[in-house]
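Welcome! Here is a short, friendly briefing to read alongside the sequence and the 3D view.

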Amino acid sequence: MEKVLSKVGSLLYGMRFSMLFFYVGLVFIIIGILGKFLLESYKLMQTLLFGDLEKIALIIKVLELVDMTMVAQLVWVVALAGVSLFVTTGHFDKVDIKKPDWLDHVNTYNLKLKLAFAIISISGVHALKTYLSTDLSLENIQVVTMVAIIHFTFVLSAMGISFAERMTRDSH
């Protein structure tokens with residue numbers, strides 16, 4: 001039985017490189033987001049220079065660009081930290097590659113917390129965009145209320161993750 005478990009463990013450890021396909025897929029997603037970001041930035045600049053745009057519409061368009069940026073950052077953090085945590089760290093040992101400082105301190109808990117706070121930020125931008133883009137009819141107030149409740153749920157989740165980690169750390 002010990003020999004079988006050892007072989008299964010070796011197989012699973014060797015399969016960690018299959019995770020690279022997921023992380024490469026995330027890189028393609030970042031490139032797609034970049035393309036969309038550049039297109040939307042170009043359209044906004046054209047409208048700003050040659051068109052007419054209300055102040056609220058401008059704020060909403062800028063918030064959409066901020067939202068795209070934050071989503072791209074979230075995907076980047078997942079890809080980079082995932083490769084570092086789950087695949088290999090040897091590629092950062094080369095002299096010509098500068099490893100981000102935060103990557104030295106990342107573990108699965110820190111990654112979860114970074115993701116939770118990134119989701120809160122993205123959710124906050126989305127909530128603000130939803131609030132600013134609606135008139136105050138009863139139906140729209142219900143939509144804004146639901147978005148705020150969902151955002152608050154994300155905040156509570158991040159607080160729960162942080163609290164659970166602190167309790168785990170204090171018990172050791």
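## A first look

The structure holds three salt bridges, a salt bridge being a side-chain nitrogen of Lys or Arg within 4 Å of a carboxyl oxygen of Asp or Glu. This is a predicted model, in which local features need pLDDT of at least 70, side-chain atom pairs count only at pLDDT 80 or more, and totals for chains, interfaces and linings use all residues. Residues are numbered from 1 along each chain as its sequence is written, and side-chain values use heavy atoms, with hydrogens and water left out.

**The chain as a whole**

- The chain has five helices and zero strands; helices (H or I, at least four residues) and strands (E, at least two) are DSSP runs, numbered from the N terminus.
- Of the 172 residues in the chain, 26% are buried; buried means under 20% relative accessible area, exposed over 50%, and partly exposed in between (1.4 Å probe, protein chains only).
- Among contacts (heavy atoms within 4.5 Å) between residues at least 6 apart in sequence, 70% join residues at least 24 apart.
- About 12100 Å² of the chain is exposed, and carbon and sulfur atoms supply 70% of that area; accessible areas come from the Shrake-Rupley method with a 1.4 Å probe, and for residues only the protein chains shown count as cover.

**Helix 2 and its salt bridges**

- Helix 2 (residues 19-50) has 32 residues and reaches 47 Å from its first C-alpha to its last, close to the 46 Å expected at 1.5 Å a residue; the expected span is 1.5 Å times one less than the number of residues.
- Y23, L26, I33, E40, S41 and L44 are buried in helix 2, and helix 3 is included in what covers them.
- K36 and E40 are joined by a salt bridge (3.3 Å, N to O), and they sit four residues apart in helix 2, about one turn of the helix.
- E40 also meets K43 in a salt bridge (3.6 Å, N to O), with these two residues three apart in helix 2.
- E40 is buried, with a relative accessible area of 16%, whereas K36 is partly exposed at 44% and K43 is partly exposed at 40%.

**The salt bridge in helix 3**

- E64 and K61 form a salt bridge, their closest N and O atoms being 4.0 Å apart.
- Both residues lie in helix 3, three residues apart, about one turn of the helix.
- Back in helix 2, salt bridges that share partners join K36, E40 and K43 into one network.

**Helix 4**

- The 25 residues of helix 4 (residues 108-132) should span 36 Å at 1.5 Å a residue, and the end C-alpha atoms are indeed 36 Å apart.
- The buried residues of helix 4 pack against helix 3 (55-87) and helix 5 (138-171).
- T108 is partly exposed, at 42% relative accessibility, and is in contact with L85 and F86, leaving aside its neighbours within four places in sequence.
- T130 is buried, with a relative accessible area of 10%, and touches V143, V144 and V147, not counting residues up to four places away in sequence.

**A nonpolar surface patch**

- M1, V4, L5, V8, L11, L12 and M15 make a nonpolar surface patch of about 740 Å²; patches are made of residues with over 30% relative accessible area and no salt bridge, with like charges joined within 9 Å and nonpolar side chains (Val, Leu, Ile, Met, Phe, Trp, Tyr) within 5 Å.
- V8 lies in helix 1 (residues 2-14) and counts as partly exposed, at 41% relative accessibility.
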